[in-house]
Every structure is written in structure tokens, then in C-alpha cells.
Amino acid sequence: MTGEGVDRVAQDARGAGLSGRAARWTARVLTIYPEMFPGPLGQGVVGRGLQAGLWDLQVMDIRGYARDKHASVDDVPYGGGPGMVMRADVVAAAVDAAGEAAAQAAGAPVPLLALTPRGRPLSQARLRRLAAGPGAVLLCGRFEGIDERLFQARACEEVSLGDFVLSGGEIAAMAVLDGVARLLPGVVGSAASLDEESFSGGLLEYPHFTRPRDWEGRAVPEVLLSGHHGQIAAWRRAEAERATRLRRPDLWSAHRGGARGRAVRN
Ligand SMILES: C[S@@+](CC[C@H](N)C(=O)[O-])C[C@H]1O[C@@H](n2cnc3c(N)ncnc32)[C@H](O)[C@@H]1O
């Protein structure tokens, strides 16, 4: 990777050596605010995984690829209008450097994800596919976004966090990375908790309860105190189905459609 724009945050934070580096799931984030990272990604299970070298985070400052002495990454929009637009030539230089470094480390091309509000909404299924690969390059926009020709010229998947507008792609990139990192082997203590959580089986998760047994006049459902694993599993399944049916009719009909399809195929 060309040196100037690169800030190897994770490596600095850990002071780790290079052994095993290529095999690690590696995120390369392109941003004009590299100091925002690792931010929340340095905390909790995902942060502990980063510290332990279970995944790697490299942050590249897009300004390191600017072409003028002011390190400009943006310019006024053709056609007029408010705000500034990120330059395709500067962003492409950063994207190419990250892509080459990623491909070299992984021995194969690594997906390039651009965080944009017009992208495909992020899903647990997409996170799982990403986690199964060698890593990703994540491009964070700012201002009014990036010159359209960048998307035409580079194979890039646009990913959205939802139907709302953030001031930059960094928080969206952190959401992607938090979601991926917790799926990587060893990051979350109990792999079973990943299988049972929301979206994994096409349903929302069942409700949880812990001590105290009675709180503000509300008791824990009796079945959870029974010690009967079969009944507990059946209750949880029914609760997951009920929550999905009531809260997310879209997920529920997709789930029902999938179940019907499986029944017909079998
Ligand atoms: C202020 S926004 C640009 C919004 C753009 N002018 C529009 O109307 O769609 C700046 C950057 O924030 C990021 N961003 C904003 N909302 C996002 C979302 N819902 N999902 C992912 N990234 C988002 C993108 O990287 C975007 O380029």
C-alpha cells in the first residue's frame, strides 16, 4: 500500500507483529476523518477481538491521495447547487491503493463497499457473506457525496444503513464492521448466541429475562423457570414468531413463503 495516507490503527493499538496477518479478516476504511476510528469498534467484544488480532482494521486518509498542496478532496458541483462533491480522481486513487493492498494480502479481489443512502439496505445475510470472505474495503462519503463517475469506473457495491441521511459514511462503515466482526470466529464467546439472534432464522428474536424474578409486579414467564428444555425452546419459538408477525409483517411473509417453499420442495 502506498504509505502516506495509511494509518494502521489496529496495528498501532495492539503493537502486534505481522504473523498471520494475511489470514485475518481485514477492513480497509477510506475516509477523510481517519481519527474517527476505531472509535466504537475499539470497545466491547468487537474491540477485544481487534486487540486480540481476530480481525484487522486499517484506515486510509483519502486526503493522502489529493493532487494539490491544499490536499483538496472536493470541489463545487457542475450544474450548480448547494454543497461540495468528492472528486472522482482523488477517491479513485485511494480506492485503487486499498484494493491492490487488499487483493495482495488476500490473494484475491476484496469487495469494495461504498456507504451511500441510495445503496442496497444492509442486511444480516450480507454481513454473513462478508464475514465469510477475506475482508472488505469501505468507502466513506462526505459532503453531497462522490462524483458519479467513480461508481461508473470502479466495481463498487453501494450499501445503505437505512432511509435517512447521515453527515458521512463513517458511522455507516462502523455499523457494517461491528456487524461483521461479531460474526468472525472467536469474537463472540458463544457461537450459539449468533444462531438464535434476530434475522438468523428469518425471525426476530424471542424476549429475554434475568434476575430479579419479580420486578415491579411483573413475573418472569413460568415456563422459563421450569427447567424443561423442550418446552422452553417451543415457547421461545412461538414468541419469536409472534414478535415477527406483529412487528415485521414483511419478514413474516418472507419467512412463511420460505417455509412453504421448503415444504413443497421436500
Ligand atoms: C450528507 S450525505 C450525502 C447525501 C446525498 N447528498 C443524498 O442526498 O443522498 C454524505 C455521506 O454520508 C453517507 N451516508 C449518509 N446517509 C447514509 C446512509 N443512510 N447509509 C450509508 N451512508 C450514508 C454517504 O457516504 C454520503 O456520501
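**Exercise 1. State how many helices and strands the protein chain has, and describe its burial and contacts.**

Solution. The protein chain of this predicted model contains nine helices and ten strands. The next step is burial: of the 266 residues in the chain, 30% are buried. The last step concerns contacts between residues at least 6 apart in sequence; 78% of these join residues at least 24 apart.

**Exercise 2. Determine how many residues the largest nonpolar core has and which helix gives the largest share of this core.**

Solution. The largest nonpolar core has 52 residues. Within this core, the residues with the most contacts are L30, A94, L113, V137, L138 and L139. Helix α3, which spans residues 88-106, supplies the largest share, namely eight residues. As a general background, nonpolar side chains in soluble globular proteins tend to be buried together.

**Exercise 3. Identify the residues in contact with L113, leaving aside its neighbours within four places in sequence.**

Solution. Begin with L113 itself, which is among the core residues with the most contacts inside the core. With the neighbours within four places set aside, L113 is in contact with A136, V137, L138 and L139, and also with E157, V159 and V176. Then compare this list with the core: V137, L138 and L139 are also named among the residues with the most contacts there.

**Exercise 4. Locate the cis peptide bonds that join F37 to P38 and R211 to P212.**

Solution. Most peptide bonds are trans. The bond joining F37 and P38 is cis, with omega about 0°. P38 belongs to the loop between β2 (25-31) and α2 (44-51). A cis bond also joins R211 and P212, again with omega about 0°. P212 is placed in the loop between α7 (191-196) and β9 (214-215).

**Exercise 5. For A71 and F199, give phi, place each residue in its loop, and decide whether it is buried, partly exposed or exposed.**

Solution. Most residues other than glycine have a negative phi.

- A71 is not a glycine, yet its phi is positive, about 55°. The loop between β3 (55-61) and β4 (74-75) holds A71. Because A71 has 15 C-beta neighbours inside 10 Å, it counts as partly exposed.
- F199 also has a positive phi, near 80°, and is a residue other than glycine. F199 lies in the loop between α7 and β9. There are 16 other C-beta atoms within 10 Å of F199, so F199 is partly exposed.

**Exercise 6. Describe the shell of residues around the ligand: how many residues surround the ligand, which strand gives the most, and how do the residues divide?**

Solution. The ligand is surrounded by 19 residues, of which L115, G141, L166, G169 and A172 are the closest. Strand β6 (residues 112-121) gives the most to this shell, with four residues. By type, the shell divides into eight nonpolar, eight polar and three charged residues.

**Exercise 7. List the residues that UniProt gives as "binding site", and decide whether F164 and V165 are buried or exposed.**

Solution. An unreviewed UniProt entry lists G141, L161, G162, D163, F164, V165 and L166 under "binding site". Two of these, G141 and L166, also appear among the closest residues around the ligand. F164 is found in the loop between β8 (157-160) and α6 (170-181). With 7 other C-beta atoms within 10 Å, F164 is therefore exposed. V165 is located in the loop between β8 and α6 as well. Since V165 has 8 C-beta neighbours inside 10 Å, V165 counts as exposed.

How values were computed. Residues are numbered from 1 along each chain as its sequence is written. This is a predicted model: local features need pLDDT of at least 70, side-chain atom pairs count only at pLDDT 80 or more; totals for chains, interfaces and linings use all residues. A nonpolar core is a set of buried Ala, Val, Leu, Ile, Met, Phe, Trp, Tyr and Cys residues joined through C-beta atoms within 7 Å. A residue is buried if 20 or more other C-beta atoms lie within 10 Å of its own, exposed if 12 or fewer, and partly exposed in between; C-beta atoms are placed from the backbone. Helices (H or I, at least four residues) and strands (E, at least two) are DSSP runs, numbered from the N terminus. Two residues are in contact if their C-beta atoms, placed from the backbone, lie within 7 Å. A residue is near a molecule or strand if its C-beta atom, placed from the backbone, lies within 6 Å of it. Ala, Val, Leu, Ile, Met, Phe, Trp, Tyr, Cys and Pro count as nonpolar, Asp, Glu, Lys and Arg as charged, and the others, Gly among them, as polar. UniProt positions are given in the numbering used here, feature names are shortened, and annotations may be inferred rather than shown by experiment.
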